[in-house]
Amino acid sequence: MQRRFARALCVTLAYLSVASSAARSETAPASGGPLPSKHIIVAANPVAANVGLQVLRAGGSAVDAAIAVQMALTLVEPQSSGIGGGALLLYFDAKARNVVAFDGRETAPGAAGGELFVDRQGGAMDMRAAGIGGRGVGVPGVLRMLETAHRAYGKLPWEQLFAASTQLAENGTEVAPQLAKAIATDASLLRQRPATRALYFDADGAPLAAGAALVNKPLAETLRAIAAGGADAMMTGPIAAEIATAVRGDASPGLLTADDMTAYRAKRRDPVCGPYRGRRICGFGPPSAGGVAILQTLALLSHFDIPALAPGKGGDWSVQAVFLLGEAERLADADTQLYLGDEDRVPVPIAGLLSPDYLLARAQLIDQSHAMSAAAAGNPSWDGAVHPSLIPGPRPPEHGTSEIAIVDDAGNAVSMTTTVQDRFGSRIMVRGFFLNDELTDFSPLARKDNAMVANRVGPGKRPRSSMAPTFVFGDDGNLEYILGSVGGPQIISFVAQALIDTLDFGRTPAEAVAAPHAGVSGGIVQLEAGTSAATLAAALRVRGETVESAPMESGTAVIHVTKDGLDGAADPRRDGVAVGD
Ligand code: DON
């Protein structure tokens, strides 16, 4: 952690001319320094984190800082998020002691229907391939959402939140290691398009390496326009028209129109909340499955003595802990695949899925020593709604997301998970930012016989997400943890694991984010490749599990609000840092 912070500081000093004399703290206790007491920010890139820190130092709110960080990430972590994507922002209003969920999820174009990802033979398209180009581009929602959140909870003027990133885009910052890796991985696709060829390759045509100068003048101009004109500057008028033209004119054309852009609305929603061992956990409901799946997983585990399975200091999760987590995740995932979708367009039995009686019955399906062969979805109560005939939809792969966690001077908090879906989204760049390919989060198939997939494509519909910005409240009702992660469907497991690591195993944020991963994906127990978790494979197989070793590229952020200060940590698998005063 010390080394990561040193690098963050170095990059910041070189490119941000930080004028404040306030101490910047690596917040993990490993550094030995005092914890920040005023405010803290965890983000996946040190330049972006420090842009947010300057906003907090200037008296900005957590929402102000989130806006500034998102603009910086559009420049420095474009493979993961940006103004061409979507985001879910969970906000804690310290004064009202209230949680608000701001939904900036992308929507499908008005002309999109269930056949969008069906090939000529009537089969499902390969969603990874379908995401490249215009077909998968949904209406970007993050900017409208941030504007909505700013109107409700911003303190500093909107345009002030764009100044640092505009300057960085204009004058240059540094290519971070994760960006360099992403450019190299994606070089053949990025080279094909003039805008990305111009930005991410040197004069000899080689992919930019870590530490190279990163300049994005088109983005600087876009940020100036949005600073002056608000979200309208992108969602209406010439930029919206250019986005629609780029999508529709692509070699793999999509359906997005300028009218779709204008029609987009961010939504303010209630969070989904539930108990866990005396605490209250709040997360994001539909269009994300994240909150419901995590609450279900924890509720299932609450019927087992998980705290008794705590590893000793520095120890690894036991076979039994991984086994029980896997069984709980498998049950929750079966419900997710069948029932979860955009609740504005399809009925979702949220109350039934979270009812204690239902979850007790589901927990009784877990045999403590032997794996269930396959989990089927349960039969939750529908509260009188017509129960549609549903079939589960397949899950798509993905790689581009970022997590931001913030506490401001007033104790307000943000957990925002923000995404362009795949690495660099659709790869289409307009005016210095990437357009998402979020529509590939829909099920490619809409129906089988008379049964429908809840997460099928529909006009104006939001694709199902796994993003899971999460808050934990202690038994006194005070905010205790702010967390979230990246990783597509694996987000649910990464956040559930971080919750168990902190709440049940007493780990610090730094320990929790660094812990090796284990979790269920597609019915298979995955163990994080190259870590000590992989040694559990044989013992899990004895219990009847199908096991594989897999890269599990989380990007988890955790902040613990302690009596001694704000203890935060960024996932060591990425470039992130925690900074505060
Ligand atoms: O909304 C979702 O669940 C996905 N679009 C998130 C993608 C993701 O986390 C990829 N990350 N590495």
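Author: Ala, Val, Leu, Ile, Met, Phe, Trp, Tyr, Cys and Pro count as nonpolar, Asp, Glu, Lys and Arg as charged, and the others, Gly among them, as polar. The model discussed here is predicted.

Reader: How do the residues of the shell around the ligand divide?

Author: By that classification, three residues of the shell are nonpolar, nine are polar and five are charged. The ligand has 17 residues around it, and those that come nearest are Thr 401, Gln 421, Glu 438, Ser 465 and Gly 488.

Reader: What makes the pairing of Gln 421 with the ligand a polar contact?

Author: The criterion is a pair of N or O atoms within 3.5 Å. A polar side-chain atom of Gln 421 is 2.6 Å from a nitrogen atom of the ligand, so the pair meets that cut-off. The side chain of Ser 465 has an N or O atom 2.6 Å from an oxygen atom of the ligand, and for the side chain of Arg 105 the corresponding distance to a ligand oxygen is 2.8 Å. Of the 340 Å² of accessible area that the ligand has on its own, the protein covers 99%. Two elements, β9 (400-407) and β10 (413-421), give two or more residues to the shell.

Reader: Why is the protein chain called as compact as a globular protein of its length?

Author: The globule rule gives 25 Å for 581 residues, and the radius of gyration of the chain is 22 Å, close to that value; the chain is therefore as compact as a globular protein of that length. Its secondary structure comes to 20 helices and 22 strands, and 61% of its residues count as buried.

Reader: Which residues touch the most other members of the largest nonpolar core?

Author: They are Phe 471, Leu 499, Ile 500, Leu 527 and Leu 540, in a core of 87 residues. Helix α15 (residues 319-339) provides the largest share of this core, 10 residues. Another core, of 82 residues, lies apart from it and includes Ile 83, Leu 208, Ile 239 and Met 416.

Reader: How do you know whether Phe 424 is buried or exposed?

Author: Buried means under 20% relative accessible area. Phe 424 has 0% relative accessibility and therefore counts as buried. Phe 424 belongs to the loop between β10 and β11 (429-430), and its phi is near 60°, a positive value in a residue other than glycine.

Reader: Why is Arg 431 called partly exposed?

Author: The partly exposed class runs between 20% and 50%. The relative accessible area of Arg 431 is 30%, so Arg 431 falls in that class. Its phi, near 50°, is also positive. Most residues other than glycine have a negative phi.

Methods
Residues are numbered from 1 along each chain as its sequence is written. This is a predicted model: local features need pLDDT of at least 70, side-chain atom pairs count only at pLDDT 80 or more; totals for chains, interfaces and linings use all residues. Side-chain values use heavy atoms; hydrogens and water are left out. A residue is near a molecule or strand if one of its heavy atoms lies within 4 Å of it. A polar contact is a pair of N or O atoms within 3.5 Å; within protein, one must be able to donate a hydrogen and the other to accept it, and residues adjacent in sequence count only if both atoms are side-chain atoms. Accessible areas come from the Shrake-Rupley method with a 1.4 Å probe; for residues, only the protein chains shown count as cover. Helices (H or I, at least four residues) and strands (E, at least two) are DSSP runs, numbered from the N terminus. A nonpolar core is a set of buried Ala, Val, Leu, Ile, Met, Phe, Trp, Tyr and Cys residues joined through side-chain atoms within 4.5 Å. Buried means under 20% relative accessible area, exposed over 50%, partly exposed in between (1.4 Å probe, protein chains only). The radius of gyration is taken over C-alpha atoms; the globule rule is 2.2 Å times the number of residues to the power 0.38.
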